[in-house]
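Work through the following exercises with the model open in a viewer. Each task is followed by a solution in steps.

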Amino acid sequence: MPLINDMNINSGDIVSSQDLYEKGLFNPNTTGNLEVLNGGLDLENFGAGNFSIEPYMCQFGSFALGYFSGFEKEHAIYARQVSADIGSNVQQHVVHSALSASIHLPWKASVLMYGYQGFFPHDATMWETGGTASIEFWKLKLLRRNIDGASDEKEESRTVLPWSRDNTHAATNSTVVDPGNAFVQNWKYIHKHQMETEVPKGNHEFEVQVESGIKYPDYGLSKVKTVIGAFYVLAIR
């Protein structure tokens, strides 16, 4: 793209309207102002140096690309769908389909920001007996998987949903007990995002992964719901 030169629009202590027009706005007779973004193309804008203009240079998304998907329909993930072995080195997970997307970037992005938000009611319980607590949880991870399959997931974008019920029983396989109602004040509205630079063009998979820290006897029925949420991507060329 043409470079935008420094714009000096001050004339002492007074801003001249003529300087503002000629040096800061759209004077078609010079390339030293914002006219370069309004048709003032140079050789760097032409494809392969042959004075052609490729479709991607003038279609929507030539300089920035955005994606947003929101929903207000209940989405549930059950503990049965993921591993009960929370100590495993390879934790099983479920991809949250309503908070994930596949996006094609037609160009290398100098800046890429993506994230999600949602309200997550859930059934995680703190089982406590004899002064020993066994605490359940749900964990959410946000990551991007690029064209070669490599994933980028930063620890600071992870979310752990805290327990919302407590019960004075041990969390054992033989325990059959109703943990009771949840403390709704422990349900969280979560908003997490990541920002990256110099992201290559191509197909990218954006995922929110849900992992379970649910133990018996909750394992059969416990779930995490998303009753409202959204996923978004913003890429700047």
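**Exercise 1.** Leaving aside its neighbours within four places in sequence, which residues is threonine 159 in contact with?

Solution. The model is a predicted one, in which local features need pLDDT of at least 70, side-chain atom pairs count only at pLDDT 80 or more, and totals for chains, interfaces and linings use all residues. Residues are numbered from 1 along each chain as its sequence is written, and side-chain values use heavy atoms, with hydrogens and water left out.

Step 1. Place the residue: threonine 159 lies in strand 12, residues 159-161. Strands here are DSSP runs (E, at least two residues), numbered from the N terminus.

Step 2. Apply the contact criterion, heavy atoms within 4.5 Å. Beyond the excluded sequence neighbours, threonine 159 is in contact with Tyr116, Trp138, Lys139, Leu140, Ile190 and Lys192.

Step 3. Classify the accessibility. Buried means under 20% relative accessible area, exposed over 50%, and partly exposed in between (1.4 Å probe, protein chains only). Threonine 159 has a relative accessible area of 6%, so the residue is buried.

**Exercise 2.** Identify the residues that touch the most other members of the largest nonpolar core, and the strands that supply the core.

Solution. Step 1. Fix the term: a nonpolar core is a set of buried Ala, Val, Leu, Ile, Met, Phe, Trp, Tyr and Cys residues joined through side-chain atoms within 4.5 Å. As background, nonpolar side chains tend to be buried together in soluble globular proteins.

Step 2. The largest core has 31 residues, of which Tyr116, Phe120 and Trp138 touch the most other members.

Step 3. At least two residues of this core come from each of strand 3 (64-71), strand 6 (101-105), strand 7 (109-120), strand 10 (138-145), strand 14 (188-199), strand 15 (202-212) and strand 17 (228-236). Strand 7 gives the most, with 5 residues.

Step 4. Take Phe120 further. Leaving aside neighbours within four places in sequence, its contacts are His96, Leu99, Leu140, Leu161, Trp187, Lys188, Ile190, Val224, Lys225 and Thr226.

**Exercise 3.** In what order do the 4 strands of the open antiparallel sheet lie, and which are its edge strands?

Solution. Step 1. Two strands pair if DSSP finds at least two bridges between them. The order is 3-17-7-14.

Step 2. Strand 3 and strand 14 are the edge strands, each pairing on one side only. From one strand to the next the twist averages 5°, where axes are lines fitted to C-alpha atoms and angles run from 0 to 180 degrees between N-to-C directions.

Step 3. Strand 7 and strand 14 run antiparallel and are joined by 11 bridges. Within strand 14, histidine 193 stands opposite glycine 115.

**Exercise 4.** Which residues line the largest cavity?

Solution. Step 1. On a 1 Å grid over the protein atoms alone, a cavity is a set of points where a 1.4 Å probe fits but cannot get out, and lining residues have an atom within 4 Å of a point. Grid points are joined across faces, edges and corners, and a volume is the space filled by probe spheres set on the points.

Step 2. The structure holds 1 cavity of 30 Å³ or more, and the largest cavity has a volume of about 30 Å³.

Step 3. The lining consists of His75, Ala76, Ile77, His96, Phe120, Leu140, Val210, Val224 and Thr226. Strand 4 (75-78) and strand 16 (223-226) are the elements that give two or more residues to it, and strand 4 gives the most, with 3 residues.

Step 4. Strand 4 and strand 16 run antiparallel, joined by 4 bridges; tyrosine 78 has lysine 223 as its bridge partner in strand 16. The covered face of strand 4 holds His75 and Ile77, the uncovered one Ala76 and Tyr78.

**Exercise 5.** Is glutamate 196 buried or exposed? Treat glutamate 198 in the same manner.

Solution. Step 1. Glutamate 196 is found in strand 14 and is buried, with a relative accessible area of 7%.

Step 2. Leaving aside neighbours within four places in sequence, glutamate 196 is in contact with Ser110, Val111, Leu112, Tyr114, Arg144, Asp152 and Lys154. Its C-alpha atom is separated by 9.0 Å from that of alanine 109, 87 residues apart along the chain.

Step 3. Glutamate 198 is also found in strand 14. With a relative accessible area of 47%, glutamate 198 is partly exposed. Glutamate 198 has a positive phi of about 55° although it is not a glycine.

Definitions and conventions: On a 1 Å grid over the protein atoms alone, a cavity is a set of points where a 1.4 Å probe fits but cannot get out, and a pocket is an open set with protein on both sides within 12 Å along at least five of seven lines; lining residues have an atom within 4 Å of a point.
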